[in-house]
Amino acid sequence: MPELVFFRRGEEVLRVAVDRSRLVLGRGEHSDVAIPDTEVSRQQVALLWDGERCRVEDLSGKGTLVAGQSVTQGVLEDGADLALGQWRAVFRLRAGGDGADATTEVGHTTSVQAPDARAPRWQPAQVRVKQGPNESVHRLTGDSFTAGKDATCDLVLKDRFASSRHLKVTRRDGVFHVVDLRSTNGTWLGPVRLYEAEVPLPTVLRVGETELVLEPAAPAARREVADFHGIIGSDPSVRQLAELIERVAPSSAAVTVLGESGTGKELVARAIHACSQRANRPLIPVNCAAISKELIESELFGHEKGSFTGATGARKGAFEEADGGTLFLDEIGELPLDLQAKLLRALEGGEIKRVGASRPLQVDVRVVAATNRDLLAAAREGRFREDLYYRLCVIPLHLPPLRSRKSDLGALAEHFVRVYSPRGQAVRLTPAALERLQQHAWPGNIRELRNVVHRALLLRKGPVIDAGDLSFDVEVNRDTGISVPELPPGMTLEQMLEKLERQIVEAALKRCNGNRERVARELGVARSTLFKRLKDWGLTKQDEQE
């Protein structure tokens, strides 16, 4: 049976069987093969197959380039190519390139190898189903499978845009034969709507809002990587953390998640909520460091109309919104001392009071706090209430930094590749890229890894992420984990140190909303020293300078 092999920018992307008497190529949705290119007409060209030879008929009225010549009608010879904007379609009289070692696109040096006859018929394969943040893997064991919304399908899709029986995939000598079962919204391969095609592994098919990734089955070692409510890894510390979450989640005891910035503290809080009996109630996150001192009380406990300037109406606080559910207090170490007493009252008796209200309210809230600070040391220094510390840390959970669980680095990186890859593309990391990731110290932990992978996906030069595609913000001292910037040309060490000192202070001022007392405490310097620095840098007000 003849076929068309489609190339885009020198890379094979699709094979379509010419198994009907008339096959229309064009940009419009009603074409048999829809090609998303503005240079292609809605109905560009028709292929007419009579069982022995294939004729080509231009439908655009402008002519179609066949083998480099503009034609309106003619016979399509074996190996001839059709130019369709940035796309090219090579006509093969026999599918799979029978009798030839390779299929070569005319006008390009790229060659695409035909399926090897010696390749194993039953290559271990799986289909990865991606629906937004959710992902599941199904190992393929039979000759074929069907996918759709109907319960009788082998792969049931919970997608509002999928048809009852949407598509069928059949294994055929090392390749996969995909047939769209006359679905309403179509089966898509990248930007191309397909009706019937043979695809290699890996291939990403799109059905509505769902991606079906046909790929080689993961080896046993890879399948052992755990995914516990989004917490990915098989390191013993991660497995122990998952076990603790399952044990403490059913209770209503307060939990404090301790760990460096970027280790995934909010992810742990969401896992605790998902495993608890409150999972069907709301989870309300509040970042105590991102809200000014004047507004944090209203944010937590709510306010009555007219209780302060700008309070034009009554408003529920986070405690009321989380009633019956879970309240996640991130950066709890930044909570002002005067509010810590009110938080303690809410934890002990479930009693809160809106700003400006005369009567308290009763709420049923499970509190999960998080911080990257040493709360016990802060309590001993008088910067955090000791009674609140013991009330919050009924169950402390410690998150390991990424540098101490390097065995999970590859699984985490591949997870972020799948999350951020463009729709319809199956991108992978090369061994050299994985090796370079292993050599980094990761002071920013998992958040830094996510940013590095996301950046590499945007800057990569090909279908894979290689070591050269990875870039880090600064070099890092492997012994201390501290970022070490390079000394710019023409700048002395003293000038560099002053510049870094100013950047650190300015970042702390921004993080603390201009509260210089908090900045001085955080940086461990005297308030007078900090004020002198600000004055020297011109970062004080005129009346303060005088």
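How much area does the protein chain expose, and what share of it do carbon and sulfur atoms supply?

1. The protein chain exposes about 28800 Å², and carbon and sulfur atoms supply 48% of that area. Accessible areas come from the Shrake-Rupley method with a 1.4 Å probe; for residues, only the protein chains shown count as cover.

2. This is a predicted model, in which local features need pLDDT of at least 70 and side-chain atom pairs count only at pLDDT 80 or more, while totals for chains, interfaces and linings use all residues. Residues are numbered from 1 along each chain as its sequence is written, and side-chain values use heavy atoms, with hydrogens and water left out.

3. There are 15 helices and 37 strands in the protein chain. These are DSSP runs (helices H or I, at least four residues; strands E, at least two), numbered from the N terminus.

4. Of the 546 residues in the protein chain, 45% are buried. Buried means under 20% relative accessible area, exposed over 50%, and partly exposed in between (1.4 Å probe, protein chains only).

5. Strand E16 (residues 144–148) is largely enclosed by the rest of the structure, because four of its five residues are buried. E16 pairs with strand E17 (residues 155–156) in the parallel sense over two bridges; strands pair if DSSP finds at least two bridges between them. Gly-148 has Val-156 in E17 as its bridge partner.

6. Arg-315 lies in the loop between helix H4 (296–301) and helix H5 (318–321). Arg-315 counts as partly exposed because its relative accessibility is 33%. Leaving aside neighbours within four places in sequence, the residues in contact with Arg-315 include Glu-299, His-303 and Arg-354; contact means heavy atoms within 4.5 Å.
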